[in-house]
Amino acid sequence: MRTARPSLRLACAAVCAALLAAGCAGNSTSSAGSSSDTGPIVIGTSMSLSGAVVLTSIKDGYQLAVDQANAAGGVTVDGVKRKVKLVVLDNRSDTNTMVQQVRSLVLSDHAVALLGSCCQQNIDMQGQADALKVPLLMGALPVELLPKAKGYAWDSFQSLADGADRFYELAATTSTNKKILMVNTNDAQGKATGELWGGLGKKAGFTVAASKAVPGGTTDFSDVIQAGKSTGAQILIANMTPPDCFAMWKQMKALAYKPKLAIGLQCAQTPGWSSLGALGDGTLVQLNWTDSAGLPDTQMIVDKFAKKYPTLNDLGSVALGYHETQLLLDAVSRSGDATPAAINKALATTDMSSALGPVKFTDNKSTTPSFIGQWENGRIQQVWPAKGAVPLKSLSGLN
Amino acid sequence: MSLDVLAAGILAGGLYALIGLGISLVFGVLGLMNLAHGELVIGGAYLASLLVVDAGWDPLVALPLAMAAMALIAYPLQRYLLTPLLRGSKSAPLVATFGLSLLAQALFQAAFGTHPKALPAAYADTGLSVLGVRVQTVYVIAFGLTVLLCAATHLALTRTRAGSAVRAASADPDTAAVLGIDVNRVYAVTFAGAAALAAAGGVLTGVAQSFTPSSGLPLLLTGFAVMALAGIGSVGGVLAAGVALGVLQSVSVGLFGGGWRDVVVYLAFFLVLAVRPQGLFRKAHAG
């Protein structure tokens with residue numbers, strides 16, 4: 001006979017076990033490949049294609065570059081045209097799965113090089129690339145955040161410092177009291193970003209009037225908003241996940257906090273920002289690519305993907321994936337034998353221009369240009385630097 | 001700590017209580033820890049988005065339809081999948097709800113994409129000032145609706161024939177069956193009711209915040225914390241626990257900063273489990 005009141009402790013233990021099991025779940029997807037002297041050159045990637053982060057647009061950029069190379073007969077290595085095989089595995093936003101998949105790509109599929117995922121996963125993947133001695137080319141990780149390691153991870157992306165500089169250049173052209181409310185997630189990346197943006201702000205003549213660290217998943221920002229109001233900060237720098245920014249933007253409007261300038265780092269890039277409607281208008285974002293800056297291959301990317309990805313940020317992700325793969329295929333071609341060690345060596349001497357701009361690596365990093373965009377009527381347009389930009393509009397959503 | 005922050009905590013607690021109420025109901029009656037409850041919440045938000053975003057309805061008008069739709073989806077799940085499993089091992093239904101959670105996330109992703117969505121409404125980003133305290137209108141609405149739904153649930157459980165059947169099935173399903181109560185149906189109706197409550201929480205979450213296919217887990221944990229604080233079988237306790245959780249968050253932010261919000265909340269959660277496993281708002285059972 002069952003008891004009338006189930007044991008809460010037992011249930012808690014069961015819930016914890018189930019959640020742990022969820023964290024340990026893996027992906028059994030695999031595929032065969034070969035990187036023999038004459039067979040296809042295998043490039044692998046373990047990326048987040050489901051779960052919390054979905055990088056389909058970056059994957060499309062990878063595939064575009066590989067398809068173009070294969071359509072031209074393949075990559076020329078030591079005078080021989082060789083096809084490229086791209087093996088893409090979905091790690092479902094789970095780092096443990098990613099680690100297993102990277103090992104499988106290298107040891108079973110014989111991938112000679114890896115393409116990155118995004119953000120923290122790229123940092124986690126760096127250790128695997130170094131351990132397996134296989135080059136890893138990544139973007140979607142600001143160059144300052146790539147840790148020093150054993151030299152097999154290469155990052156070609158924008159820098160946080162450049163993005164901050166562009167923002168402060170733009171902010172200096174507007175009429176504000178130069179007081180900043182800074183809100184960051186309380187993880188390592190949030191802390192590093194906050195310190196860097198705060199420091200560069202001071203150099204540019206701005207003052208961090210209030211700084212708040214919030215855990216991911218926060219839904220009540222009343223204390224943050226109160227800090228902004230009490231200090232009179234007219235510039236908001238929010239470095240949070242999209243759902244957190246959504247909640248904060250609504251609460252800011254409801255509680256009548258009216259900054260004159262607001263940038264959403266990480267959060268406002270999502271195309272979902274448009275579902276905020278007019279509330280999202282005027283919010284600034286940091287971009288790694290725009291269709292108005294005269295970058296290489298812009299029109300080709302727009303022609304192929306503008307229908308699938310109507311927003312600038314998604315197209316920028318396609319450009320990023322295309323850019324990474326172009327750099328990697330260039331190194332494969334120059335390596336002479338398409339072995340991991342030779343490709344890694346060739347990457348160090350990269351000197352080319354691709355979809356995100358010119359690339360030369362120093363300490364395994366190459367900084368690509370940064371832009372500032374602004375949301376208006378469900379679209380993002382470049383507002384800084386001035387070349388290719390439209391005039392800055394007011395932060396109408398919050399005012 | 002300002003009164004604005006404290007008021008925001010109290011009102012946010014209303015939404016926490018609404019999410020926790022369904023979990024508490026299912027656990028109290030069926031003895032089932034529903035790991036898919038977060039997806040029932042998010043499912044309600046997505047169903048409402050079809051009417052709100054695509055058809056231009058007000059979220060509060062869409063809310064009863066979303067509740068009804070989630071109840072209709074949940075009823076057969078309990079009747080034909082989870083109830084048969086409940087007769088077997090204790091762990092089978094738990095694992096099944098975990099599977100349902102993953103399945104639902106995949107379905108949301110396939111149907112609606114992965115970008116965050118929000119339910120637009122005039123009251124989503126407006127505020128009210130009461131005695132100098134400024135609060136977000138949608139949280140006032142959420143709190144009022146939670147009180148209403150808690151009262152309705154309490155009355156349904158204590159003042160109706162169906163409620164008597166639910167309480168009988170909860171206390172002793174074998175004896176209840178001998179007395180002619182269709183326990184399987186009672187379980188399914190309870191699960192459907194919990195799903196409807198979850199959907200209401202989802203609609204309000206969508207208006208006040210945003211949602212993605214993977215938003216369910218943090219909501220589940222919040223609801224679970226509410227249930228643990230409240231104890232099983234007390235609708236009023238759930239409301240009080242939700243408010244207590246909201247206030248605790250606000251106080252912890254005021255005292256220690258935002259970075260400690262979750263630490264303090266879950267520390268309190270484990271302390272309650274260790275010291276008063278029956279919950280803060282229930283008396284311990286004798287024997």
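## Exercises on a predicted two-chain model

A:Asp297 touches A:Tyr322 and A:Ala355, residues up to four places away in sequence being left out of account. The exercises below concern a predicted model.

### Exercise 1. The surroundings of A:Asp297

Task: Determine where A:Asp297 lies and whether it is buried, partly exposed or exposed.

Solution.
1. Locate the residue: A:Asp297 belongs to the loop between β12 (284–287) and α9 (298–305) of chain A.
2. Count the neighbours: 19 other C-beta atoms lie within 10 Å of A:Asp297.
3. Apply the cut-offs: a residue is buried at 20 or more such atoms and exposed at 12 or fewer. With its count of 19, A:Asp297 is therefore partly exposed.
4. Check a distance: A:Asp297 and A:Gly373 are 76 residues apart along the chain, and 20 Å separates their C-alpha atoms.

### Exercise 2. The open sheet of chain A

Task: Give the strand order of the open six-stranded sheet in chain A, identify its edges, and state which helices pack on it.

Solution.
1. Write the order: the strands of chain A follow one another as β4-β1-β5-β6-β7-β15, and the pairing is parallel.
2. Find the edges: β4 (84–90) and β15 (365–368) of chain A each have a single partner strand, so one side of each has no neighbour in the sheet.
3. State the twist: from one strand to the next it averages 20 degrees.
4. Examine one pair: strand β7 (residues 153–158) of chain A runs parallel to β15(A), and four bridges join the two. Opposite A:Phe157 stands A:Thr367 in β15(A).
5. Add the first helix: α4 (residues 119–132) of chain A packs on the sheet and touches β5 (113–115), β6 (136–138) and β7 of chain A. The direction of α4 makes about 165 degrees with that of β6(A).
6. Add the second helix: α10 (residues 312–335) of chain A lies across β1 (41–47), β4, β5, β6 and β7 of chain A. Its direction is at about 170 degrees to β5(A).

### Exercise 3. Helices α2 and α10 of chain A

Task: Classify the packing of α2(A) against α10(A) by angle and by handedness.

Solution.
1. Take the geometry: the axes of α2 (residues 56–71) of chain A and α10(A) come within 7 Å and cross at roughly 40 degrees.
2. Compare with the classes: under 35 degrees would count as roughly parallel, and 65 to 115 as roughly perpendicular. The two helices are therefore oblique to each other.
3. Give the hand: α2(A) passes α10(A) in a right-handed crossing.
4. Name the residues that meet: those of α2(A) include A:Ile58, A:Tyr62 and A:Leu64, while those of α10(A) include A:Val318, A:Tyr322 and A:Leu329.
5. Sort them by class: the contact has 11 nonpolar, six polar and three charged residues.

### Exercise 4. Contact between the chains

Task: Describe the contact of chain A with chain B, and then a helix pair drawn from the two chains.

Solution.
1. Count the participants: chain B provides 52 residues and chain A 45.
2. Find the main contributor: α1(B) gives the most to the side of chain B that touches chain A, with six residues.
3. Divide that side by class: its residues are 22 nonpolar, 22 polar and eight charged.
4. Take the pair: the axes of α7 (residues 222–231) of chain A and α1 (residues 3–30) of chain B come within 9 Å and cross at roughly 160 degrees. The helices are therefore roughly antiparallel.
5. Give the hand and the residues: the crossing of α7(A) and α1(B) is right-handed. A:Ser222, A:Asp223 and A:Gln226 of α7(A) make the contact with B:Asp4, B:Val5 and B:Ala8 of α1(B).

### Exercise 5. Backbone exceptions in chain A

Task: Examine the backbone at A:Ser93, A:Asp363 and A:Pro385, and state whether A:Ser93 and A:Asp363 are buried or exposed.

Solution.
1. Recall the rule: most residues other than glycine have a negative phi, and most peptide bonds are trans.
2. Consider A:Ser93: its phi is positive, about 65 degrees, although it is not a glycine. A:Ser93 sits in the loop between β4 and α3 (95–107) of chain A, and it counts as buried because it has 20 C-beta neighbours inside 10 Å.
3. Consider A:Asp363: its phi is also positive, about 50 degrees. A:Asp363 is in the loop between β14 (357–359) and β15 of chain A, and it is exposed, with 10 other C-beta atoms within 10 Å.
4. Consider A:Pro385: the peptide bond from A:Trp384 to A:Pro385 is cis, with omega near -5 degrees. A:Pro385 lies in the segment after β17 (379–384) of chain A.

Note on methods:
Residues numbered from 1 in each chain as written. Chains lettered and ligands numbered in written order. Predicted model: local features only at pLDDT ≥ 70, side-chain atom pairs only at ≥ 80, totals over all residues. Axes fitted to C-alpha atoms, helices over the stretch in contact; angles between N-to-C directions. Parallel < 35°, antiparallel > 145°, perpendicular 65-115°, else oblique. Left-handed = near helix turned anticlockwise from the far one by under 90°. Contact = placed C-beta atoms within 7 Å. Nonpolar A, V, L, I, M, F, W, Y, C, P; charged D, E, K, R; others polar. Pairing = 2+ DSSP bridges.
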